[in-house]
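Student: I am new to this structure and would like a close look at one part of it. Could you take me through that part slowly and then move on to what lies around it?

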Amino acid sequence: MQKVLEVKDIHTYYGYSYILQGISADVDKGHVMAILGRNGVGKTTLIRSILGLTPARQGQVVFKGTDITQFQPHRIARAGIGLVPQGRRVFQALTVRENLTVAAMDRRQGWTLDRVYSYFPVLKERESQRAGSLSGGEQEMLAIARAMRCEPDLLLMDEPSEGLSPLLVKELAKTILQLKAKGLSILLVEQKLPFALGVADSVCVMSKGRIVYQSTPEELRQNEAIKSQYLGVLT
Ligand SMILES: Nc1ncnc2c1ncn2[C@@H]1O[C@H](COP(=O)(O)OP(=O)(O)OP(=O)(O)O)[C@@H](O)[C@H]1O
Ligand SMILES: [Mg+2]
């Protein structure tokens, strides 16, 4: 299996705070890898280290065979890593169309405005509305669509289901599976276990800056001890 992303024993700090204490994880081409863990275990910090926003002080991040650990964030984005940030962070005062235009890069894989709209018809309907007037679910779709306009090979999604109703979480799962079917590789950070298990090909559980468990979704589903210890699932 070809690896799109290889995270090799990375150690990341904020000043003197030692957050990622030796994380290793891979994303296979065309697969969804889910990272699960409670609040504050370092999930967003892992994403920040992959993107070069808070670079690892030790260890390596390898993307499509190139060591990008010390690359600047803009260079990493251009290399083909997209982000759907925690809390969505769409440009509230801009229209849907403007959000999808400011983010666009080149045309490597042809994520034109029309193609994006064909995946997310609701965004076409709302294209002249301010992003701030959209519902949470629509803003999530906009954040994903915006990331696709940068033509990523790998998408990093930071708790995309946060704050969405169960119905919208189902829609989100469908969208993720559709993008995966098109060959996109995805690293999905989540706290909602059933949602993550439903879309992932492999899962890692994080606790206190380390990966404490790694398996298939099916194995984790059946591992009551891991679920109750690290994910707060009542058994
Ligand atoms: N900019 C920062 N400066 C200092 N410490 C930080 C900073 N950002 C996060 N931290 C700390 O790093 C640790 C990991 O935070 P991180 O945001 O990576 O967790 P998380 O798993 O994404 O949590 P959540 O599920 O709440 O989003 C936490 O203890 C947090 O307080
Ligand atoms: Mg986070």
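Student: Which residues of β3 lie on one side and which on the other, and are they buried or exposed?

Tutor: Please keep in mind that this is a predicted model. On one side of β3 are V32, A34 and L36, on the other side are M33 and I35, and all of these residues are buried, so that both faces of the strand are covered. In a regular strand the side chains alternate between the two faces of the sheet. Because five of the five residues of β3 are buried, the strand is largely enclosed by the rest of the structure.

The partners of β3 come next. With strand β8, residues 185-190, β3 pairs in the parallel sense over five bridges, and in this pairing L36 stands opposite E190. β3 also runs parallel to strand β9, residues 202-207, to which four bridges join it, and here I35 stands opposite C204.

Following the chain onward from β3, one comes to the loop between β3 (32-36) and α1, where R38 lies. R38 counts as partly exposed because it has 14 C-beta neighbours inside 10 Å, while 20 or more would be needed for a buried residue. Although R38 and E190 are 152 residues apart along the chain, their C-alpha atoms are separated by 8.7 Å; E190 is the residue of β8 that stands opposite L36. If the neighbours within four places in sequence are left aside, R38 is in contact with Q191, L231 and G232.

Ligand 1 has a shell of residues that includes G37, N39, G40, V41 and G42, together with K43, T44 and T45, and the other residues around the ligand are Y14, S17, I19 and Q86. The elements that give two or more residues to this shell are β2 (17-28) and α1 (43-51), and α1 gives the most, with three residues. Sorted by class, the shell has three nonpolar, eight polar and one charged residues.

Two loop residues elsewhere deserve a look for their backbone angles. K64, in the loop between β4 (58-63) and β5 (66-67), has a positive phi of about 45° although it is not a glycine, and K64 counts as partly exposed because it has 17 C-beta neighbours inside 10 Å. R88, in the loop between β6 (81-84) and α3 (96-102), likewise has a positive phi, near 70°, in a residue other than glycine, but R88 is buried, because 23 other C-beta atoms lie within 10 Å.

Methods: Residues are numbered from 1 along each chain as its sequence is written. Chains are lettered from A and ligands numbered from 1 in the order in which they are written. This is a predicted model: local features need pLDDT of at least 70, side-chain atom pairs count only at pLDDT 80 or more; totals for chains, interfaces and linings use all residues. A residue is near a molecule or strand if its C-beta atom, placed from the backbone, lies within 6 Å of it. Ala, Val, Leu, Ile, Met, Phe, Trp, Tyr, Cys and Pro count as nonpolar, Asp, Glu, Lys and Arg as charged, and the others, Gly among them, as polar. A residue is buried if 20 or more other C-beta atoms lie within 10 Å of its own, exposed if 12 or fewer, and partly exposed in between; C-beta atoms are placed from the backbone. Two residues are in contact if their C-beta atoms, placed from the backbone, lie within 7 Å. Two strands pair if DSSP finds at least two bridges between them.
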